[in-house]
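Work through the exercises below with the model open beside you. Try each task before you read its solution.

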Amino acid sequence: LLQMEEAVKDYSVAIDLLDGPGGDVADPAEKPAAHLGRARAIMSVKGGSPMYKTMADKAAKDYATSLLLSSREDWDTDEENIEDGAQRNPYAAWEMGIARRS
C-alpha cells in the first residue's frame, strides 16, 4: 500500500460499519482484524510532527482493542483479556508496545 492515509480511512469505515446496525452478524474475526489493520496502517504513515503522537496513541488503542477482541476467554478485566489476546498474536502485542513508546 502506497497510500496509508487512505488505508486508515478505509479501516475506519469498516470499523464504523462493524459497530453499526447489523455489525453483530459479521464474522467475529472481522472486528479485531479491522482494528489491527488500522493500527498497522497508522504506524506506517511517516510522521515526526505532534500529530504523529496523537496517531500513535490511536494506533496503540486499536492494537489493544484488537487483542482484547481476540481473547479466547472472558476474563475479569480488560487487561487480562488483552494479555490472552497477546498470547494468540504476540507480534501485535510487540507492535502495540512500539506504538505506546512513539
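**Exercise 1. Place N81 in its surroundings.**

Task: Is N81 buried or exposed? Which residues does N81 touch?

Solution. Step 1: N81 is buried, because its relative accessible area is 7% (buried means under 20% relative accessible area, exposed over 50%, partly exposed in between, with a 1.4 Å probe and protein chains only).
Step 2: N81 sits in helix α4 (helices are DSSP runs of H or I with at least four residues, numbered from the N terminus).
Step 3: Leave out residues up to four places away in sequence; N81 then touches L67, L68, S71, E73, D74 and W75 (contact means heavy atoms within 4.5 Å).
Step 4: L36 is 45 residues from N81 in sequence, and the two C-alpha atoms are 16 Å apart in space.

A note on the source: this is a predicted model, in which local features need pLDDT of at least 70 and side-chain atom pairs count only at pLDDT 80 or more, while totals for chains, interfaces and linings use all residues. Residues are numbered from 1 along each chain as its sequence is written, and side-chain values use heavy atoms, with hydrogens and water left out.

**Exercise 2. Follow one of those contacts.**

Task: Where is E73, and what is E73 in contact with beyond its sequence neighbours?

Solution. Step 1: E73 lies in the loop between α3 (50–69) and α4.
Step 2: Set aside neighbours within four places in sequence; E73 is in contact with N81 and D84.
Step 3: E73 and D84 are 11 residues apart along the chain, with 7.5 Å between their C-alpha atoms.

**Exercise 3. Check a helix, then find its sides.**

Task: What length does α1 reach? Which of its residues are buried?

Solution. Step 1: Helix α1 covers residues 4–19, 16 residues in total. From first C-alpha to last it reaches 22 Å, close to the 22 Å expected at 1.5 Å a residue (the expected span is 1.5 Å times one less than the number of residues).
Step 2: The buried residues of α1 are M4, A7, V8, S12, I15 and L18. They lie on the same side of α1, because they cover an arc of only 140 degrees around the axis (the arc is that of the directions from the helix axis to the C-beta atoms).
Step 3: Recall the general rule: an α-helix has 3.6 residues a turn, so residues three or four places apart point the same way.
Step 4: Turn to the face away from the buried side; D10, D16 and L17 are exposed there.
Step 5: The buried residues of α1 pack against α2 (30–44).

**Exercise 4. Describe two helix pairs.**

Task: At what angle do α2 and α5 pack, and at what angle do α4 and α5 pack?

Solution. Step 1: α2 and helix α5 (residues 90–101) pack at about 45 degrees, axes 11 Å apart (axes are lines fitted to C-alpha atoms, for helices over the stretch in contact, and angles run from 0 to 180 degrees between N-to-C directions). That makes α2 oblique to α5 (under 35 degrees is roughly parallel, over 145 roughly antiparallel, 65 to 115 roughly perpendicular, the rest oblique).
Step 2: Contact comes from L36, R40 and M43 of α2 and from Y91, A92, E95, I98 and A99 of α5.
Step 3: Look at E95: it is buried, with a relative accessible area of 9%. Not counting residues up to four places away in sequence, E95 touches R40 and Y63.
Step 4: Helix α4 (residues 78–88) and α5 pack at about 120 degrees, axes 5 Å apart. That makes α4 oblique to α5.
Step 5: I82, A86, Q87 and R88 of α4 meet P90, A93 and M96 of α5 in this contact.
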